[in-house]
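Here are my notes, as promised, with the contacts taken one at a time. Keep the viewer open while you read.

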There are 4 protein chains.
Amino acid sequence: MIKAGIVGATGYTGVELLRLLARHSQVEVTVITSRAEAGVKVADIYPSLRGHIDLAFTEPDINTLGACDVVFFATPHGVAQNLMPALMKTPARIIDLSADFRIRDVPVWEKWYGQAHGAPELVNQAVYGLPEVNREKIRTAKLIACPGCYPTATQLGFLPLIENNLVDPGRLISNAASGASGAGRQGKIDVLLTEISDSFKAYGVAGHRHLPEIEQGLGDVQPAGANPISLTFVPHLLPIIRGIHATLYATALDVKNLPDLQQLYEQRYANEPFVDVLPAGVLPQTRTVKGSNICRIAVLRPQDKDTIVVLSIIDNLTKGASGQAVQNMNIMFGFDEKEGLDIVALLP
Amino acid sequence: MIKAGIVGATGYTGVELLRLLARHSQVEVTVITSRAEAGVKVADIYPSLRGHIDLAFTEPDINTLGACDVVFFATPHGVAQNLMPALMKTPARIIDLSADFRIRDVPVWEKWYGQAHGAPELVNQAVYGLPEVNREKIRTAKLIACPGCYPTATQLGFLPLIENNLVDPGRLISNAASGASGAGRQGKIDVLLTEISDSFKAYGVAGHRHLPEIEQGLGDVQPAGANPISLTFVPHLLPIIRGIHATLYATALDVKNLPDLQQLYEQRYANEPFVDVLPAGVLPQTRTVKGSNICRIAVLRPQDKDTIVVLSIIDNLTKGASGQAVQNMNIMFGFDEKEGLDIVALLP
Amino acid sequence: MIKAGIVGATGYTGVELLRLLARHSQVEVTVITSRAEAGVKVADIYPSLRGHIDLAFTEPDINTLGACDVVFFATPHGVAQNLMPALMKTPARIIDLSADFRIRDVPVWEKWYGQAHGAPELVNQAVYGLPEVNREKIRTAKLIACPGCYPTATQLGFLPLIENNLVDPGRLISNAASGASGAGRQGKIDVLLTEISDSFKAYGVAGHRHLPEIEQGLGDVQPAGANPISLTFVPHLLPIIRGIHATLYATALDVKNLPDLQQLYEQRYANEPFVDVLPAGVLPQTRTVKGSNICRIAVLRPQDKDTIVVLSIIDNLTKGASGQAVQNMNIMFGFDEKEGLDIVALLP
Amino acid sequence: MIKAGIVGATGYTGVELLRLLARHSQVEVTVITSRAEAGVKVADIYPSLRGHIDLAFTEPDINTLGACDVVFFATPHGVAQNLMPALMKTPARIIDLSADFRIRDVPVWEKWYGQAHGAPELVNQAVYGLPEVNREKIRTAKLIACPGCYPTATQLGFLPLIENNLVDPGRLISNAASGASGAGRQGKIDVLLTEISDSFKAYGVAGHRHLPEIEQGLGDVQPAGANPISLTFVPHLLPIIRGIHATLYATALDVKNLPDLQQLYEQRYANEPFVDVLPAGVLPQTRTVKGSNICRIAVLRPQDKDTIVVLSIIDNLTKGASGQAVQNMNIMFGFDEKEGLDIVALLP
């Protein structure tokens, strides 16, 4: 059993981490920090954890966290980077679910996140925690930057096309929609049930922070000589709690010589425990991954035009955040990659 | 055309008032106040009003409000009572949608609302604006205290039984459920979509502020000599935007001599434009009154036991608040009582 | 007052027509037909109409329908075409909300709808009822083919770009999402609340019947010499009752010489009573048109790339079906185009 | 590992059983029958099971079923009773989730279920599978009649009061609300998202089949000499997928000598693994048991009146059906009672 600490577990990625770790056979959660809720029992805020987690929140403390084998950050961006310099000197390995260490180009990060970076010297030590791309680097990483939810769904959907340079990288479109838990657990009018439950809207069309992350990730897997990635990314807000659905569009570079796309996708993900390429003709529904770490993908080329459509779904809190964090931990510590994550989605 | 002012129209009862008044043939809204949003166009906060209301919010000002024929308060409790002493000296007639003037017993109000009353001397000048009980007094009232949402549904459901002393007044139960708009438009975690959209709960079971209001209202219609009203009131939160469903239980005092309940209810409400007693065997659904000012009622006595069950539904923002306010205004100014309120519910 | 008949009013477009016509000052609904429900009161199926519509369903009869001034078909496709030859010989003018007469190329219709057309000789007599394009033809039309819901939102969104040949017509994308009322009122497992309320999915990606309708409509407004329209259309199912949100993508043909898109859209729709181009920077939400006949549009070019993004929303039952039908009727009979449709959306 | 068969697993209780058994360490599902879907892979109907269950549906066959250690019936009422006479002769032990063997009084069953009973001679061999009452009898039972969803929530809520004869048994009220999965997975108009998602209603007020089941169950635990149980039961339909919330009302027989209710409930359920009495002042929310087998209970006496209010929640598909079935199986086969059921609810 390894010991795990969680910084900032009052939000939705925090409670999701606790749900997953509570049933993990090789991890014991020993510290859960929250400045705001120090002293309060975790199960008093999340009654679903009554009988499963008996800990109370404590003030964050480097010594206590540094004594853990692994520390998760389930904090808003800007928090992890402040604790990181001290924590990197301890033996703990770190999995940051926030955006602090995802972007390698520090000025780009600072532009999109609107603040100076608190630990720019550590950015290059972080491994981007998308196992389907970086599994080997994850094994030995000291610091993992866990991918965002939209970036996970979008990258897994585009990967086979980009790795094989089959589509125009300069005209990618990700039309994505997320459940409201992606907005976090904060008292904001624009995510009240009364404001969004019987509605649908796009947001952040002018520019969303996940855009540079996706472009960086797809650029990393291009073959040499490919043209640069340019993505149009339009996120939407769904009146559901969990789930991301990315509808991806790409233009085939050479439609006459395209390989069989179904086969391409099935082969690319044949050994991936958490990517499920659906049979030809079957389209994914977000409810089939609710609470599970699976990404389900369908690929089509409607009416044999040169526009390829990829549908890619995840649970934003699981494969899009906390499940992926546990998957990274499993890889880092040599556990079975599916340990604690072999969950049947809650359907209906 | 009369001139109407609205104080505090940034909340849901405010926008509902605007929706209704925008189509009322005899009212022009001339002032809409909000300290927080002064200078902002109403339609910028509520895009549904683009093309219908061209006003901007202004700071509340007694002179401007006092120059209106009617002033609506769509404010949280505690606000109207502070402006009321000054406003009562102007020619304006006032319809207060808040709880400030509903309870005649000032100490009771102060106990349940947890604050000193700001204008106790005016409480007895207020007419409780339930037209089905107080229509005549409303005609000439200077100040209307509009009933709360739960009290409207509960009182209309119990009225025929209480007026005729047919049930034990000491053991009434109102098991009611409200859509989330009843909680207002404030950034609170406990009404986020993520917290309540796939859930159901009771709240305020130990004591809800609408309890004394209902008990007072039912007491007012008892025949002389009846025992005092005692109600157990359990409200619940529904994962819908609009709608109140009250399931009422009462014990027949003399089950062998009960009149035909269906007939009793139909006769009591035969001339009420906004109370619809459903045919025997038909049960109400809140969606059938969405956006309309109707209260739909069914009355049953299951298995011929002595427990009478009444189902009473309204739209909490319409008959439960703003629609009832407009109905009061129509009565006060001698308009057709249905003017501006002859709306088909939005179904589906 | 003109007399109106409705064929097949048991579905959602039927009840929506009744909601709108019930408040129209110049129309009296005199006939409502349904084979399945003949003899049943309309208000017994739709309790929201209690007190507003006192008619019962009757068997469809050409003589009765032909005696109306206007007959609406709110039927599934394939029904109107069978009654049409007889009805066209009566004085009644006809507004068909179904797909029967939308596609001018009969073999194309037969391919996509999978059946022989029952009245191919009448197809060319039908006017496609999109007032923003065909207002003049509508005035004198005997038979209107009312546009589909997705086609309305998509065409209104693309019109200014296509009319001015500003984008590549061969690479249009409509990524659209509809509320579940678009699937009609039939007992099908795949639209149960339990199947779709906490989920999101694409459907019909391989080919949806609205695709040829949209391509035909956009082709009709192209300037001479433009390349043919080719659209990739991906519809999705939203867990809401009403609303369509179309997110449209087009590639600028000459990004350096693009006109100001905001100005282009505002001018194009300046005189349209039911198209509202939002101020720059404001994005539409479907709830702002719930129950109203408005189409709200925003146009953007994110990060100054050459991909133009248009967001276009409607209520699928109103501007996407029954509201548009009433708008057509108003034009045909010389009424004010907004009569009966000047509705504030139900928000929240 | 024991072998399990499931009859009729195409419905929601069937897929819930599969979700639970897929992670149970001591059970292997070897047969899943469905006449309608014979030959179809289970995961093709329920994609959430892809990678977890590789079986296909087969025609029901007594020999195959009889070779299992345990057979579950997840069928509509009326089915199990026809297969039961043959199956009782095999070595298999049987857990029937349907209503067929819940009511000991056969004429009562036949009256409420509107059909002749197909195996009346077996009714008395069935043990009512509510572990909190019948744990010892369940251990050795050949045939378990699993309780209904409303009866589970209602009985667990009332038990401590009835066992101790603290309330008037002749005036019990259960005002309960269920998620739509309780209506099953059938294509019926009245459970479409469009019909119920933004609405709330009571149903079955005149008489619901769970009424005699609850009255029988509560009667079984009364002390000698208590008056007969008489319940008013009003179920409501919630616009959520899973969850039952029962709000129970009872009148204290002797309010001055009532024991401490909080303590009474805590002691009654101290050793129950799946009943969680909440701390005083905390009220249950259905989301805290979503996907888990827990029943959460709060007990209050508002305003110190003599009406006791109990709030009792479960997930209707888990503790209200399939989870309770697995709990029964664990008891029957001597497994840890929590095996396969130690689940953290999916929150948010």
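How many salt bridges are there between chain A and chain B? The points below begin with that one. Bear in mind throughout that this is a predicted model.

1. **The A–B salt bridges.** The count between chain A and chain B comes to two salt bridges. One to pull up on screen is the pair B:Glu195 and A:Arg185, where the closest N and O atoms sit 3.5 Å apart. Polar contacts across this interface add up to seven residue pairs, both partners being at pLDDT 80 or more. If you want to know which element of chain A to look at, go to helix α8 (residues 193–196), which gives the largest share of the side touching chain B, namely four residues.

2. **What the A–B contact is made of.** Chain A puts in 20 residues and chain B puts in 20 residues. By class, the chain A side has ten nonpolar, six polar and four charged residues. About 1600 Å² is buried between the two chains, with carbon and sulfur atoms giving 68% of that area.

3. **How A and B are related.** Turn chain A by 180 degrees, with a shift of 0.0 Å along the axis, and it can be laid on chain B with an RMSD of 0.0 Å. The interface residues of chain A are also interface residues in chain B, 100% of them, so the copies meet through the same surface.

4. **The B–D contact.** Here 47 residues of chain B are in contact with 47 residues of chain D. The buried area between these two chains is about 3900 Å², and carbon and sulfur atoms give 53% of it. Eight salt bridges turn up across the interface of chain B and chain D. For a concrete example, B:Lys290 and D:Asp198 meet through their side chains in a salt bridge, at 2.9 Å from N to O. There are also 29 residue pairs in polar contact, both at pLDDT 80 or more. On the chain B side, the elements giving two or more residues include strands β7 (172–178), β9 (231–237) and β10 (244–251), along with helix α9 (210–220). Sorted by class, that side has 22 nonpolar, 16 polar and nine charged residues.

5. **How B and D are related.** Chain B can be laid on chain D by a turn of 180 degrees and a shift of 0.0 Å along the axis, with an RMSD of 0.0 Å. The two copies are thus related as by a two-fold rotation axis. The same surface serves both of them, as 100% of the contact residues of chain B recur in chain D.

6. **Inside chain A: two domains.** The domain assignment splits chain A into domain 1 (2–128) and domain 2 (150–317). Their centres, taken over C-alpha atoms, are 27 Å apart. In the contact between them, 17 residues of domain 1 meet 17 residues of domain 2. About 1600 Å² is buried there, of which carbon and sulfur atoms give 51%. Which domain 1 residues lose the most area to domain 2? They are A:Tyr12, A:Trp112 and A:Tyr128, together 40% of what that side buries.

7. **Polar links between the domains.** Three salt bridges are counted between domain 1 and domain 2 of chain A. A:Glu16 and A:Arg242 make a salt bridge through their side chains, 2.6 Å from N to O. The interface of the two domains also has eleven residue pairs in polar contact, both at pLDDT 80 or more. On the domain 1 side, α1 (12–21) and α5 (106–113) of chain A each supply at least two residues. The largest share, four residues, comes from α1(A). By class, this side of domain 1 has eight nonpolar, four polar and five charged residues.

8. **Backbone spots to check.** A cis peptide bond joins A:Leu347 and A:Pro348, with omega about 0 degrees. A:Pro348 is in the segment after α11 (318–332) of chain A. In chain B, a cis peptide bond joins B:Leu347 and B:Pro348, also with omega about 0 degrees. Then there is A:Asn165, a residue other than glycine with a positive phi, near 50 degrees. Look for A:Asn165 in the loop between α7 (149–163) and β7 (172–178) of chain A.

Methods. Residues are numbered from 1 along each chain as its sequence is written. Chains are lettered from A and ligands numbered from 1 in the order in which they are written. This is a predicted model: local features need pLDDT of at least 70, side-chain atom pairs count only at pLDDT 80 or more; totals for chains, interfaces and linings use all residues. Side-chain values use heavy atoms; hydrogens and water are left out. Contact means heavy atoms within 4.5 Å. Buried area is the accessible area (1.4 Å probe) that two parts lose on being put together, summed over both. A salt bridge is a side-chain nitrogen of Lys or Arg within 4 Å of a carboxyl oxygen of Asp or Glu. A polar contact is a pair of N or O atoms within 3.5 Å; within protein, one must be able to donate a hydrogen and the other to accept it, and residues adjacent in sequence count only if both atoms are side-chain atoms. Ala, Val, Leu, Ile, Met, Phe, Trp, Tyr, Cys and Pro count as nonpolar, Asp, Glu, Lys and Arg as charged, and the others, Gly among them, as polar. Domain bounds come from an automatic or database domain assignment. Copies are superposed by least squares on the C-alpha atoms of residues with pLDDT of at least 70 in both.
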